[in-house]
Amino acid sequence: MRPPPSPQDAFRELFERNFRELLGYALRRCGSPDDAADVVADTMLVAWRRFDQVPTDGTARLWLYGVARRVLANHRRGVQRRDRLGERLRVELQDVVPDHADGVEANAVLVAALAGLGEPDRELIMLTTWENLEPQEAAVVLDVPARVVRTRLHRARGRLRKQLGDAFGDHGHERDERTLRPAQEER
């Protein structure tokens, strides 16, 4: 007389006898083969955890279909939750994050203007603008005194403004010559 199979061997046999049918069941009900494979894996995980509840009277396949049916229902609910959450996040992000397509042209102009600067000017502007470093912090990175960085930064920004020209149509803080003349004339 042969000894009864170990639980691992009995489970392996259950898996091998029913895997293809379960996969077909899941494939016909899921949106993708990956989802179907996940459903089968989760079904077999339940079978492993509840192996003592798997019928031994020849209805194990039907029991597995019942488990797979519940796993599919949970899977569908999870997909619906993710879809709703994704839609909610898309709506919120539209309000918070600007459309990057609007900035593509401006970014290209800015990159071209930065490329027209010398390496020291470009690095200094990038450190203080894109890396958000204070002039004192940039001085540490560049290994120069902070007063030198402030002077170089002022000059680099001026050269960048020249490179940009009127590309953005926004002249920022321009001096109004009419208001400067009377003050200059008094000196």
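In the predicted model, the largest nonpolar core holds 20 residues, of which Leu-14, Leu-22, Val-39, Met-44, Ala-47, Trp-63 and Leu-64 touch the most other members. At least two residues of this core come from each of helix 1, helix 2 (33-49) and helix 3. The greatest contribution is that of helix 3, with eight residues. Leaving aside residues up to four places away in sequence, Leu-14 touches Ala-47, Phe-51, Val-54, Ala-60 and Leu-64. Another core, of 13 residues, lies apart from the largest one and includes Ile-125, Val-149, Leu-153 and Leu-160. In soluble globular proteins, nonpolar side chains tend to be buried together.

Leu-14 also belongs to the lining of the second largest pocket. The volume of this pocket is about 220 Å³. Its lining consists of Pro-5, Ala-10, Glu-13, Leu-14, Arg-17, Phe-51, Asp-52, Val-54, Pro-55, Thr-56, Gly-58 and Ala-60. Phe-51, Val-54 and Ala-60, which appear in this lining, are among the residues that Leu-14 touches. With four residues, helix 1 gives the most to the lining of the second largest pocket. Sorted by class, the lining has seven nonpolar, two polar and three charged residues.

The model contains five salt bridges, three of which are described here. One is formed by Asp-121 and Arg-159, with a distance of 2.5 Å from N to O. Asp-121 lies in helix 5 (residues 119-129) and Arg-159 in helix 7 (residues 146-164), so this salt bridge ties together parts that are 38 residues apart in sequence. Asp-121 has a relative accessible area of 12% and is therefore buried, since the cut-off for a buried residue is under 20%. Its partner Arg-159, at 39%, is partly exposed.

The salt bridge between Arg-12 and Asp-9 has an N to O distance of 2.9 Å. Both residues belong to helix 1 (residues 7-27), and because they are three residues apart, about one helical turn separates them. Arg-12 is partly exposed, at 44% relative accessibility, and Asp-9 is likewise partly exposed, at 40%.

In helix 3 (residues 60-96), Arg-90 and Glu-87 are three residues apart, about one turn of the helix. These side chains also form a salt bridge, in which the closest N and O atoms are 3.2 Å apart. Relative accessibility is 47% for Arg-90, which counts as partly exposed. Glu-87 is partly exposed as well, with a relative accessible area of 41%.

Backbone geometry was also examined. Most residues other than glycine have a negative phi, and most peptide bonds are trans. Asn-132 is not a glycine, yet has a positive phi of about 55 degrees. This residue is found in the loop between helix 5 and helix 6 (135-142). With a relative accessible area of 59%, Asn-132 is exposed. Asp-143, which is not a glycine either, has a positive phi of about 60 degrees. The position of Asp-143 is in the loop between helix 6 and helix 7. Asp-143 counts as exposed, at 69% relative accessibility.

Technical notes:
Residues numbered from 1 in each chain as written. Predicted model: local features only at pLDDT ≥ 70, side-chain atom pairs only at ≥ 80, totals over all residues. Heavy atoms only, no water. Salt bridge = Lys/Arg side-chain N within 4 Å of Asp/Glu carboxyl O. Buried < 20%, exposed > 50% of the residue type's maximum accessible area, 1.4 Å probe, protein only. 1 Å grid on protein atoms, 1.4 Å probe; cavity = no way out; pocket = protein on both sides within 12 Å on 5 of 7 lines; lining within 4 Å. Points joined across faces, edges and corners; volume = space filled by probe spheres on them. Nonpolar A, V, L, I, M, F, W, Y, C, P; charged D, E, K, R; others polar. Core = buried A, V, L, I, M, F, W, Y, C linked by side-chain atoms within 4.5 Å. Contact = heavy atoms within 4.5 Å.
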